[in-house]
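Here are some short exercises for getting to know a new structure. Keep the model open beside you, try each task, and then read through the solution.

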Amino acid sequence: MAKDFRCSVDELADFKAPVIAIIVGEGSTSTFYVDERLICQQSAFFKAALSKSWTEGARRVVRLPDEEEKVVHAYLHWLYHNKVACLDTENDGYSLLASLYVFGEKLLDKTFKDVIIDCIIATSRGLVVKDGTTNMHRFPAKESVDILYQGTSEGSPARQMLVDMHQVYAKETWINGDANHDFLVELTTALIRNDRYTASARLHNGACAYHCHGKDEQCPSKRAE
Ligand SMILES: [Zn+2]
């Protein structure tokens with residue numbers, strides 16, 4: 001069947017919305033220009049940052065000196081195109097996905113965080129590497145665990161997902177002396193509780209167990225394209 005190019009007139013894009021500048025990095029910076037209304041609808045962080053009164057002609061600028069260009073670029077791409085550009089990157093994309101989750105945390109963007117959880121789970125299911133006669137799935141470990149633990153706080157569903165994945169699938173090589181301390185405490189506690197069956201059930205019941213949306217809110221995984 002041929003692609004249907006039509007949509008409702010209610011879906012017309014707003015080309016009259018003001019544009020803001022996001023200046024990323026310190027010293028050598030990159031500037032991104034974004035539809036203000038679009039990013040404020042999605043992120044309470046940007047809404048608060050841009051809520052200060054301003055005089056006509058003043059530049060609308062948000063500075064993000066501590067962020068990486070590739071992280072902000074990937075977030076903005078998702079904002080406009082509903083896709084996360086995480087394939088064909090180093091470390092199976094997990095380091096970038098972990099950084100994106102932490103960025104979503106900073107932006108107070110629950111939907112984006114839920115989408116990144118879906119991307120991590122999809123990556124863990126989709127990476128099949130031939131190792132002799134064995135097919136091996138790869139999971140976020142080491143660096144990505146450290147990024148996620150440093151950028152989230154206790155009770156984060158992303159932390160729960162990492163602990164669950166380690167309980168169910170980890171090999172000894174996943175853990176080394178540099179492992180994040182909080183992560184080791186939570187993983188050890190789960191192992192002492194012998195929580196593996198519950199962890200496996202959560203992992204196999206879909207990503208919703210690790211989402212931030214409320215029961216009455218729409219799950220991004222089930223949202224129509
Ligand atoms: Zn959900």
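**Exercise 1.** Work out how α4 and α5 are oriented to each other.

*Solution.* Start with the geometry: in this predicted model, α4 and helix α5 (residues 110-126) pack at an angle of about 165 degrees, and their axes lie 9 Å apart. Next, compare the angle with the cut-off: angles over 145 degrees count as roughly antiparallel. The two helices, α4 and α5, are therefore roughly antiparallel to each other. To finish, look at the handedness: α4 and α5 cross in a left-handed way.

**Exercise 2.** Find the residues where α4 meets α5, and say how they divide by character.

*Solution.* Begin on the α4 side, where the contact is made by Tyr94, Leu97, Leu100, Tyr101, Gly104, Glu105 and Leu107. Across from them, α5 contributes Phe112, Lys113, Ile116, Cys119, Ile120 and Thr123. Now sort the residues of this contact of α4 with α5: nine are nonpolar, two polar and two charged.

**Exercise 3.** Decide how α3 is placed against α4.

*Solution.* First, take the angle: helix α3 (residues 69-81) and helix α4 (residues 94-107) pack at about 70 degrees, with their axes 10 Å apart. Angles of 65 to 115 degrees count as roughly perpendicular, and that makes α3 roughly perpendicular to α4. Then list the partners: Lys70, Val71, Ala74 and Tyr75 in α3 meet Leu96, Ser99, Leu100 and Phe103 in α4. Sorted by character, the contact of α3 with α4 has six nonpolar residues, one polar and one charged.

**Exercise 4.** Lay out the sheet and name its edge strands.

*Solution.* Write down the order first: the open sheet has three strands, β2-β1-β3, with mixed pairing. The edges are taken by β2 (30-35) and β3 (61-64), each with a single partner strand, so one side of each has no neighbour in the sheet. On average, neighbouring strands of this sheet are turned by 25 degrees against each other, direction ignored. Now look at one pair: strand β1 (residues 19-24) runs parallel to β3 over four bridges, and Ile22 stands opposite Val62 in β3. Finally, add the helix: α3 packs on the sheet, touching β1, β2 and β3, and its direction makes about 15 degrees with that of β2.

**Exercise 5.** Compare the reach of α8 with its expected span.

*Solution.* Helix α8 (residues 181-192) has twelve residues. From first C-alpha to last, α8 reaches 16 Å, close to the 16 Å expected at 1.5 Å a residue. Moving past the helix, you find that α8 is followed by Asn194, whose phi is positive, near 55 degrees.

How values were computed. Residues numbered from 1 in each chain as written. Predicted model: local features only at pLDDT ≥ 70, side-chain atom pairs only at ≥ 80, totals over all residues. Axes fitted to C-alpha atoms, helices over the stretch in contact; angles between N-to-C directions. Parallel < 35°, antiparallel > 145°, perpendicular 65-115°, else oblique. Contact = placed C-beta atoms within 7 Å. Nonpolar A, V, L, I, M, F, W, Y, C, P; charged D, E, K, R; others polar. Pairing = 2+ DSSP bridges. Left-handed = near helix turned anticlockwise from the far one by under 90°. Expected span 1.5 Å × (residues − 1).
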